[in-house]
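Thanks for making the time this morning. I would like to walk you through how the protein chains meet the two DNA strands in this model, one strand after the other.

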Number of protein chains: 2
Amino acid sequence: MKIDSANPADLSAQIAAAIRDAIVEGRLIVDERLPSEAELSEQFAVSRPTVREALKRLAAQSLIRTQRGATGGAFVNRISFEEAYAQQITTSTLLLSMNAVSFETACEARFCLERACAALSAQRRTADHLATMRAEIHRQGQPGLTDEAFCASDVALHRALVDGAGNPVLSYQLAGAVEAMQPLMNMITFTARDRARIVELHTAITDALEAVDADAVTNALAALELETQALAQSVFMARSNKSERAAPAS
Amino acid sequence: MKIDSANPADLSAQIAAAIRDAIVEGRLIVDERLPSEAELSEQFAVSRPTVREALKRLAAQSLIRTQRGATGGAFVNRISFEEAYAQQITTSTLLLSMNAVSFETACEARFCLERACAALSAQRRTADHLATMRAEIHRQGQPGLTDEAFCASDVALHRALVDGAGNPVLSYQLAGAVEAMQPLMNMITFTARDRARIVELHTAITDALEAVDADAVTNALAALELETQALAQSVFMARSNKSERAAPAS
DNA sequence: TGTCAAATTAATGTCAGACAATTAAACTGC
DNA sequence: GCAGTTTAATTGTCTGACATTAATTTGACA
């Protein structure tokens with residue numbers, strides 16, 4: 001891993017890539033301590049600030065953690081599911097918001113993945129998962145709930161559904177799909193009138209899950225997707241009409 | 001975003017978080033130029049190296065890109081699907097390898113997600129997708145193919161299946177699930193004898209996809225999962241027997 | 001006057017050396 | 001033997017400088 005090309009361009013990126021490869025390929029194992037910054041700067045024949053920039057790049061990806069003090073240094077980090085969740089949510093959110101992904105496309109992907117969990121969750125969900133979902137449904141029925149709180153509750157319910165499958169890898173993968181949608185969903189949940197219908201569908205999903213009826217869960221999720229897509233379409237339609245009235249000449 | 005607490009701990013992380021929040025919340029938009037390093041160091045009242053470390057953290061997450069020269073600087077980056085793929089694959093791979101995720105769990109998650117794409121792909125796959133899959137199947141039948149090449153071909157085939165759904169968000173989500181499994185799959189593909197069975201199942205999947213038969217695709221994928229799980233179990237069993245023979249006393 | 005080349009400039013990339021802060025281990029006194 | 005102190009190693013930060021890059025401006029020449 002001590003290889004470094006002679007061209008003096010983006011040294012810190014090169015060093016970061018070299019160390020990252022060493023970690024990914026298993027040449028550096030979890031909790032192993034990297035050489036100190038001074039030693040690394042010697043090995044790579046660069047200055048300490050350059051090494052530090054490389055280490056910060058790795059720290060940003062949770063590949064290493066640093067510790068100060070006598071026995072401190074940089075250690076290969078065991079990336080936790082929580083850290084991985086957070087990274088995936090950030091990336092997914094930006095990907096959706098920056099690339100003009102249509103609501104339709106994002107929504108389709110999200111429900112497609114969520115339906116995939118339905119069968120497993122129907123088999124394995126515990127009473128805890130059901131209780132969480134019931135509690136969120138109750139909260140969603142409260143009048144005076146802000147749109148943000150309603151949306152957060154919505155995410156929590158779906159999270160419980162996915163977690164019910166009892167597969168942490170699945171939960172991780174779905175985290176991005178469900179949570180990254182939240183900003184997009186926020187746009188279409190501003191009418192209290194529609195909340196009743198959504199609560200109804202959430203109840204249907206939870207009932208089916210409690211009855212260990214995978215097909216019913218799938219159907220209820222499909223209905224929710226249909227409802228969401230229709231709602232979004234009406235919102236976008238109304239918005240476009242409004243902008244046409246505001247600027248009829250164009 | 002110019003807020004910065006007075007405690008002098010992890011200044012670069014704080015600054016990175018402040019800028020990241022500004023980007024995620026849309027206060028900084030795509031292709032907008034950030035202040036120069038000198039200006040940022042003034043605003044945050046820290047030195048330039050500290051600002052640089054913060055910027056490197058963001059660059060590692062593809063949130064910004066930097067450009068040298070007179071009109072250079074740091075720009076908010078429109079994260080591409082390719083960059084997002086790469087990040088997700090790295091994170092997923094490390095998550096699996098570092099957290100003692102069982103093959104069974106990872107395999108279940110992967111096929112669960114892939115089956116979710118089957119119905120969409122059956123409807124939308126183009127002739128190109130089918131051709132790619134046929135080509136990979138043909139390659140997989142070649143004798144003398146290395147295990148690594150077989151595995152890469154396997155990933156390419158499943159990639160084509162997922163891309164057939166015509167939903168880039170879905171393709172992105174699945175990239176992590178499929179590609180991160182590759183190192184784990186490598187462990188169980190070392191006998192040429194099993195390749196024939198896998199090619200057979202791949203052919204069944206492709207045939208079903210060509211026939212626009214979503215149920216058949218789902219069933220074939222389920223069969224492939226069963227085969228894979230059984231194969232993995234036999235490999236692990238053989239391995240544990242071997243180690244027992246090697247150290248019978250323990 | 002128009003065009004191409006050279007100087008200017010502004011920005012990032014890198015370096016060197018220094019000091020501050022933190023933490024574990026070694027040491028010392030009782 | 002134990003508690004408190006010192007020491008050493010390491011990261012975190014700062015200052016100042018120079019190198020490199022690329023767009024812009026300037027200037028010379030046809």
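Let me begin with helix H3 of chain B, which with three residues supplies the largest share of the surface near DNA strand C; here a residue is near a strand if one of its heavy atoms lies within 4 Å of it, and helices (H or I, at least four residues) and strands (E, at least two) are DSSP runs numbered from the N terminus. Before going further, I should say that this is a predicted model, in which local features need pLDDT of at least 70 and side-chain atom pairs count only at pLDDT 80 or more, while totals for chains, interfaces and linings use all residues. Residues are numbered from 1 along each chain as its sequence is written, chains are lettered from A and ligands numbered from 1 in the order in which they are written, and side-chain values use heavy atoms, with hydrogens and water left out.

Staying with DNA strand C, 24 residues surround it, and among the closest are A:Leu11, A:Thr50 and B:Lys56. At least two residues each come from helix H1 (11-24) and helix H3 (48-60) of chain A, and likewise from helix H3 (48-60) and strand E1 (64-67) of chain B. By residue type, this surface has four nonpolar, eleven polar and nine charged members, where Ala, Val, Leu, Ile, Met, Phe, Trp, Tyr, Cys and Pro count as nonpolar, Asp, Glu, Lys and Arg as charged, and the others, Gly among them, as polar.

What do the protein atoms meet on DNA strand C? Of its atoms within 4 Å of the protein, 74% belong to sugar or phosphate and the rest to bases. As for polar contacts (pairs of N or O atoms within 3.5 Å), a backbone N or O atom of A:Ser47 lies 3.0 Å from a phosphate oxygen of the strand, and an N or O atom in the side chain of B:Arg52 is 3.1 Å from a phosphate oxygen.

Turning to DNA strand D, 24 residues surround this strand, including A:Arg52 and B:Ser47 among the closest, and 67% of its atoms within 4 Å of the protein belong to sugar or phosphate. The side chain of B:Thr50 places an N or O atom 2.6 Å from a phosphate oxygen, whereas B:Gly69 uses a backbone N or O atom, 3.3 Å from a base oxygen. H3 of chain B gives the most to this surface, with four residues.

Methods: Polar contact = N/O pair within 3.5 Å; in protein donor to acceptor, adjacent residues only side chain to side chain.
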